[in-house]
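Good morning, and thank you for making time for this presentation. I would ask everyone to look at the sequence and the model together as I speak.

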Amino acid sequence: FIFAFVPAISCPPIPPLCDGVPMAVMNPLEMPVHNNLGGKGPDTGAETMVYPKAGSMDGQEFDLVVAAVGDYQVNNLRYNGVKGEFGSVNILDGTSAELSFSFVLTGTETPIDVANFAFTVY
């Protein structure tokens, strides 16, 4: 499937606040700096896919981390990553996958709470 983040448009100006809560500014997704979703490779190590500098909030950049929850079966690894400005996860026909999406400070494993963003699945 293909997914994208789009900033909420109801709370200008940048950096906007919605009811006093800072809003994340999302960036077009770039090729993952780590790609081993579900331990399927091509990288080794953590069984995640990490999209660098997916956005920023309060002057702090953050990465998007995608992880499989349970069994994940891929049809073709070369389709995991990005397609244009969208994230892409390839799933074997006839199977399903549960995925976890989280944010960490860029280049770290430090979690960050990100508020007020939109997530679209295609």
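**From His34 to the core**

I begin with His34, which has its place in strand β5. Please bear in mind throughout that this is a predicted model.

Is His34 buried or exposed? Its relative accessibility is 17%, and since buried means under 20%, His34 counts as buried. The side chain of His34 reaches the backbone oxygen of Ala46 at 2.7 Å. If we set aside neighbours within four places in sequence, His34 is in contact with Asp43, Thr44, Gly45, Ala46, Thr48, Met49 and Val50.

Let me now place that residue within the chain. The protein chain has zero helices and 11 strands. Of its 122 residues, 35% count as buried. Among contacts between residues at least 6 apart in sequence, 58% join residues at least 24 apart. The accessible surface comes to about 6,800 Å², and carbon and sulfur atoms account for 53% of that surface.

I turn next to strand β6, residues 48-57. Which strands pair with β6? Strand β5, residues 34-35, is joined to β6 by two bridges, and the two run antiparallel. Here Asn35 stands opposite Met49 in β6. Strand β4, residues 25-26, also pairs with β6 in the antiparallel sense, over two bridges. In that pairing, Met26 stands opposite Gly55. Finally, seven bridges join β6 to strand β7, residues 60-69, again antiparallel. Thr48 stands opposite Ala67 in β7. β6 and β7 form a hairpin with two residues between them, and Asp58 in the turn has a positive phi of about 55°.

Why may we call β6 largely enclosed by the rest of the structure? Eight of its 10 residues are buried, and the description follows from that count. Met57, which is found in β6, has a relative accessibility of 10% and therefore counts as buried. The C-alpha atom of Met57 is separated by 7.4 Å from that of Val114, although the two residues are 57 apart along the chain.

That brings me to the nonpolar core. In soluble globular proteins, nonpolar side chains tend to be buried together. In this model, the largest nonpolar core has 18 residues, of which Leu37, Phe62, Leu64, Val66 and Phe103 touch the most other members. The elements that give two or more residues to this core are β6, β7 and β10, the last spanning residues 98-105. The largest share, four residues, comes from β6.

Two of those core residues deserve a further word. How many aromatic pairs does the model contain? The count comes to one. Phe62 and Phe103 form this pair, which is edge-to-face, with 5.0 Å from centre to centre and 75° between the planes. Phe62 lies in strand β7 and Phe103 in strand β10, so the pair ties together parts that are 41 residues apart in sequence. Both residues are buried.

To close, I return to β6. This strand pairs with β4, with β5 and with β7, and gives the largest share of residues to the largest nonpolar core. Strand β5, where the presentation began, holds the buried His34.

Notes. Residues numbered from 1 in each chain as written. Predicted model: local features only at pLDDT ≥ 70, side-chain atom pairs only at ≥ 80, totals over all residues. Heavy atoms only, no water. Buried < 20%, exposed > 50% of the residue type's maximum accessible area, 1.4 Å probe, protein only. Pairing = 2+ DSSP bridges. Core = buried A, V, L, I, M, F, W, Y, C linked by side-chain atoms within 4.5 Å. Polar contact = N/O pair within 3.5 Å; in protein donor to acceptor, adjacent residues only side chain to side chain. Contact = heavy atoms within 4.5 Å. Areas by Shrake-Rupley, 256 points an atom, 1.4 Å probe, with all protein chains shown as cover. Phe/Tyr/Trp six-rings, centres within 6.5 Å; stacked < 30°, edge-to-face > 60°.
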